Each structure stands twice: as C-alpha cells, then as structure tokens.
Amino acid sequence: MSVVVQVCARCAARWPVLGAPAQWCPRCHGVLLAPVRTDHNQPPASRGFRWIARSPLQRSGLAAAPPTPSPTPRYTEIPRWGLHDHVEAPSTRRDWPELLANKAALFLTVTTGLYAFGVLAELGRYAVLLRNRTRLIDPTVLAVSDIAVFLGQAGGMLFALLSGIAGVCWLLRMRRRTFARAKKSDPRTPTDVVVGCAVPGLNLVMPGVFLLEVIRRDPRAVLLVRAWWSLWVFGAVLVLFNWFWRSRPGLQAMADGVLLAAFTALVASATALLALMVLRRLEGRTLKGTKEPVTRWVIATDPLPRTDADKPAAKSAEKTEKTSGNADREAVAS
C-alpha cells in the first residue's frame with residue numbers, strides 16, 4: 001500500500017501526509033521535507049528537494065563574479081621550481097658563550113698550575129729572605145724571584161678571572177642540557193645565574209646552590225661540590241685576612257706575609273683543581289677529559305664456578321669423610 005510521508009530534516013521521523021503537507025515536525029519542531037511515496041525509491045531529482053551549499057557572501061549578494069578560466073599552463077622544459085636544495089650559509093658570527101664554556105676546563109687547568117707555581121715562588125722568596133739575614137743576595141736572584149712571584153700570582157689571578165667567566169658559561173650550558181634532558185623548565189633564568197655568580201657576597205653561596213640543582217643522584221658529585229664550596233668560601237676569607245696582614249708594619253710581619261701568601265696560593269690551586277673535578281664529573285669524564293667508563297650492576301643467578309684454589313680443600317674434605325667412614329666400619333666389625 002502506497003503511503004505519502006514527510007521526513008523530518010532534524011530527527012528523521014516519518015509523518016504521514018493527511019491532507020495538506022505540514023511544515024514543522026510535531027516531535028522536534030524541525031523542518032519537514034517535501035512529501036515522498038513509500039512504495040518505491042524515487043531518484044533524488046524527483047524528490048522535490050536537494051541540498052545546496054552557498055557561502056554567506058553569495059546569500060547576501062556580495063560575492064565577486066567567478067574568475068574567468070585561465071588557459072592550461074604549458075612548459076617548454078621540465079619546471080625546476082621547488083627542486084633546488086637551499087642550504088643556509090654557515091654563520092660567521094662566533095658563539096662566544098659556547099666557546100668560553102668549552103675552554104673552562106683548560107682555564108681551570110692553567111689556573112691550578114699557575115697557583116701551584118706561585119706557591120713555589122713564594123717559598124723561594126721566603127728562602128731568599130732567610131739567606132738575606134746573614135748574606136747579601138745577588139740582584140739577579142732577586143730579579144728572578146720577583147718575576148716568579150709576579151707570574152705565579154698575577155697570572156693565577158688573570159686565569160682565575162677567565163675561569164670564572166668560562167665557568168658561568170659552562171654552568172648555563174649544563175643547566176640548559178640537564179633540564180632539557182629531564183623535560184623540565186629551568187627555575188633559574190640566565191640573569192639569575194650570572195648575578196648570583198658575579199655579585200660579591202652572593203658568589204660565595206649561590207654557585208654551590210646552582211651546581212647542586214643539576215646533580216641527579218650522584219653522591220660523589222655532591223661530595224665534590226661540597227668540598228669545592230668549602231674551599232671556595234675559605235679561600236675568600238683567607239684573601240681578606242691576607243690583605244689585613246700585609247697592612248701590619250715590621251719585617252717579621254712581612255716575612256710571615258710571604259708564608260701566608262704561599263698558603264693562600266695553595267688553597268687557590270686546590271680550589272681550581274676541585275672545580276675542574278666537579279666540571280669533569282658532571283660531564284661524565286675523567287680528570288684527563290676522557291669518557292668515564294659506565295659500570296652496570298647485574299644480579300648473579302648462576303652459582304659461582306669452583307676455582308683451582310677450592311679443589312685441594314674439597315679433596316681434603318672428601319679424604320676426611322672416607323677416613324671417618326672406614327673408622328666407623330672397623331668399630332662396627334669389632
């Protein structure tokens with residue numbers, strides 16, 4: 001039996017047509033489509049409706065006229081656009097922070113050597129002073145002593161300054177790599193790190209804090225950082241005490257100041273050496289700069305093999321068991 005229905009465009013409900021076609025769905029109040037017969041499937045062209053998509057500009061009449069079709073492009077040869085490999089020219093600008101970070105270990109090594117040489121120069125100066133108590137000193141020996149002291153102390157101070165600048169650049173790079181590897185953001189900005197390492201007073205506390213923040217479960221690295229931190233603070237106090245001691249008058253105070261300068265240079269050399277050890281440890285390298293071997297611990301599941309040293313003991317134990325067995329059999333026979 002053929003029935004004429006209207007389909008709702010919103011809920012797809014079918015409503016029979018009784019008289020004139022309706023416009024709204026009684027269920028969802030959607031738009032009812034044109035009436036269709038249910039006895040056979042009509043083609044879309046004869047259903048009385050079709051979907052047409054128009055842009056808002058076409059609805060308002062503001063759409064521009066469609067462009068005239070252009071001719072099909074023709075090429076006399078194979079087009080070469082998009083086939084060029086554009087390689088950016090390497091930048092000639094030097095990355096000074098990266099270069100200084102790479103030179104931090106070298107500067108610390110030179111600083112350690114210069115301050116160690118300064119210790120020997122100060123001890124040589126003290127020996128000259130002791131000999132000058134009874135004999136005159138050759139001017140050449142005095143000149144050599146002055147040059148050695150100047151090279152040890154002034155050179156050590158210069159390379160200590162270079163080591164500090166390079167060490168800050170290295171610390172910024174190490175923090176950037178560490179937090180990027182952990183997929184976290186660095187809570188310290190580069191300005192915070194530079195200010196904490198450059199401002200007097202703060203540079204006695206903050207560098208150790210910055211180093212401990214990049215250490216991940218390495219007790220040896222923590223121990224090295226704490227040892228370097230202690231020597232760093234002790235060396236700063238010792239420099240201030242050295243300046244105070246040199247202001248005292250008298251020949252004996254001056255002679256004692258030479259020994260104090262030698263001890264200060266020794267502490268400075270040890271501080272630079274510990275800083276180098278901290279740098280190498282955090283980079284996973286040995287003190288010489290080579291890659292540190294990785295140690296992996298595994299659980300031993302098989303029994304330990306018997307060595308040659310255990311064989312005599314095993315044989316003696318078997319012999320003792322046989323002897324005791326023979327003694328028992330003799331006792332039973334008797």
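This text goes through the pockets, one helix, the aromatic contacts and the backbone angles of a predicted model.

The largest pocket holds about 1600 Å³ of space. Its lining is made up of 46 residues, and those closest to the centre are Tyr115, Ala160, Leu161, Gly164 and Trp232. Six helices give two or more residues each to this lining: α3 (104-131), α4 (139-181), α5 (190-198), α6 (206-212), α7 (219-246) and α8 (251-282). Among them, α7 gives the most, with twelve residues. By class, the lining of the largest pocket has 33 nonpolar residues, eleven polar ones and two charged ones.

The second largest pocket has about 500 Å³ of space. It is lined by 17 residues, of which Leu129, Leu251, Met254, Ala255 and Val258 are the closest to its centre. At least two lining residues come from each of α3, α7 and α8. Here the largest share belongs to α8, which supplies seven residues. The lining of the second largest pocket divides into ten nonpolar, two polar and five charged residues.

Helix α8 can be checked against its expected length. It has 32 residues, and at 1.5 Å a residue the helix should span 46 Å. The C-alpha atoms at its ends are 47 Å apart, so the model agrees with the expected span. Just after α8 comes Gly284, with a positive phi of about 75°.

The aromatic side chains come next. A pair of aromatic rings is described by the distance of the centres and the angle of the planes. Over the whole structure, a search finds five aromatic pairs. One of them joins Phe107 and Phe159, with 6.2 Å from centre to centre and 65° between the planes, which makes the pair edge-to-face. Phe107 belongs to helix α3 and Phe159 to helix α4, so this contact ties together parts that are 52 residues apart in sequence. Phe107 is buried, because its relative accessible area is 14%, under the 20% cut-off. Phe159 counts as partly exposed, at 24% relative accessibility.

Another edge-to-face pair is formed by Phe234 and Phe263, whose ring centres are 6.4 Å apart and whose planes make an angle of 80°. Because Phe234 lies in helix α7 and Phe263 in helix α8, the pair ties together parts that are 29 residues apart in sequence. Both rings belong to partly exposed residues: Phe234 has a relative accessibility of 39%, and Phe263 has one of 40%.

Phe241, Phe244 and Trp245 form one aromatic cluster. Trp245 also has a charge over its ring: the charged end of Arg248 sits there, 4.2 Å from the ring centre.

Two backbone angles remain. Most residues other than glycine have a negative phi. Which value does phi of His29 take? It is near 60°, a positive value in a residue other than glycine. His29 is in the loop between β2 (14-16) and β3 (36-37). With a relative accessible area of 56%, His29 is exposed, because the cut-off for exposed is over 50%. Lys183 is not a glycine either, yet its phi is positive, about 55°. This lysine lies in the loop between α4 and α5. Lys183 is exposed, with 79% relative accessible area.

Notes: Residues numbered from 1 in each chain as written. Predicted model: local features only at pLDDT ≥ 70, side-chain atom pairs only at ≥ 80, totals over all residues. Heavy atoms only, no water. 1 Å grid on protein atoms, 1.4 Å probe; cavity = no way out; pocket = protein on both sides within 12 Å on 5 of 7 lines; lining within 4 Å. Points joined across faces, edges and corners; volume = space filled by probe spheres on them. Helix = DSSP H or I, 4+ residues; strand = E, 2+ residues; numbered from the N terminus. Nonpolar A, V, L, I, M, F, W, Y, C, P; charged D, E, K, R; others polar. Expected span 1.5 Å × (residues − 1). Phe/Tyr/Trp six-rings, centres within 6.5 Å; stacked < 30°, edge-to-face > 60°. Buried < 20%, exposed > 50% of the residue type's maximum accessible area, 1.4 Å probe, protein only. Lys NZ or Arg CZ within 6 Å of the ring centre and 35° of its normal.
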